Amino acid sequence: MEFLAKEYGYVVLVVVAYCFLSIWMGIQVGMARKKYKVYYPTLYALESENKDAKLFNCVQRGHQNSLEMMPMFFVLMILGGMAHPCISAALGLFYTVTRYFYFTGYSTGDPQKRLTIGKYGFLALLGLKICTISLAINLLRR
């Protein structure tokens, strides 16, 4: 591991923290399934069949969106962190916090509440993209 700065450990810890957040969100979806009576393998509830469909779907969608964003986040963290581990770790931690608020806001049943703090996560992703581009430029200049 000589090729990675010791600070890269912070990047690894943030990735693991996001994994714990994702597990917690999955548990919340499982609890919502039980509460709103939406059983597997149904991914989303139909309003014509379930009066609480919107409430369940908001919880499910908050988690699903986080899963959709996870691959990009992880790639940007892993690559950008190689060049800028402390900056990437800070941006990743910020992103993880915004995803928590994105999920909890969405889970209220009012999709607009996901954006109160959750919308700032895209700034963290932008910063991670810049860190990753910096890595690419540094590699190409060798």
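Me: The expected span of a helix is 1.5 Å times one less than its number of residues. So how far does helix α4 reach from its first C-alpha to its last?

Reply: This is a predicted model, so keep that in mind throughout. Helix α4 runs over residues 121-141, 21 residues in all, and reaches 31 Å, close to the 30 Å expected. Try the same reading on α1: residues 8-36 make 29 residues, and the helix reaches 42 Å, close to the expected 42 Å.

Me: How many helices and strands are there in the protein chain?

Reply: Four helices and zero strands, giving the pattern α-α-α-α along the sequence. The C-alpha atoms fill a box of roughly 60 × 25 × 20 Å along the principal axes.

Me: Which residues does the UniProt annotation "transmembrane region" cover?

Reply: According to that unreviewed entry, residues 7-27, 73-97 and 117-140. Such annotations may be inferred rather than shown by experiment, so let's set two of the spans beside the model. Residues 7-27 are 95% helix and 0% strand, with end C-alpha atoms 31 Å apart. For residues 117-140 the figures are 83% helix and 0% strand, and the ends lie 37 Å apart.

Me: Now burial. What percentage of the residues of the protein chain count as buried?

Reply: The cut-off is under 20% relative accessible area. By that rule, 42% of the 142 residues are buried. As for the outside, the chain exposes about 8600 Å², with carbon and sulfur atoms supplying 68% of it.

Me: Which residues are buried in α1?

Reply: Among them are Y8, V11, V14, V15, Y18 and L21, and further along M25, V29, R33 and Y36. Their cover includes α2 (53-83) and α3 (85-106). In α4 the buried set includes G121, A124, L125, G127, L128 and C131, and α2 and α3 are again part of what covers them.

Me: Where is the place of F73, and is F73 buried or exposed?

Reply: F73 sits in helix α2 and is buried, with a relative accessible area of 0%. To see what is around such a residue, look for heavy atoms within 4.5 Å, which is what contact means. Leaving aside neighbours within four places in sequence, F73 is in contact with V14, Y18, G92, Y95, T96, L125 and L128. Of these, V14 and Y18 are buried residues of α1, while L125 and L128 are buried residues of α4.

Me: And for the whole chain, what share of the contacts with a separation of 6 or more comes from residues 24 or more positions apart?

Reply: That share is 68%.

Me: Let's do the backbone. What is phi of K37 near?

Reply: Near 55°, a positive value in a residue other than glycine. K37 follows α1 and lies in the loop between α1 and α2. K37 is exposed, at 56% relative accessible area.

Me: Is the peptide bond from Y40 to P41 cis or trans?

Reply: Read omega: here the value is near 5°, and the bond is cis. P41, like K37, belongs to the loop between α1 and α2.

Me: Last one: how far apart are the mean positions of the positive and negative charges of the protein chain?

Reply: With 15 positive and 7 negative charges, the two mean positions are 3 Å apart.

Notes. Residues numbered from 1 in each chain as written. Predicted model: local features only at pLDDT ≥ 70, side-chain atom pairs only at ≥ 80, totals over all residues. Heavy atoms only, no water. Helix = DSSP H or I, 4+ residues; strand = E, 2+ residues; numbered from the N terminus. Buried < 20%, exposed > 50% of the residue type's maximum accessible area, 1.4 Å probe, protein only. Areas by Shrake-Rupley, 256 points an atom, 1.4 Å probe, with all protein chains shown as cover. Lys, Arg positive; Asp, Glu negative; His and termini not counted. Charge placed at Lys NZ, Arg CZ, Asp CG, Glu CD.
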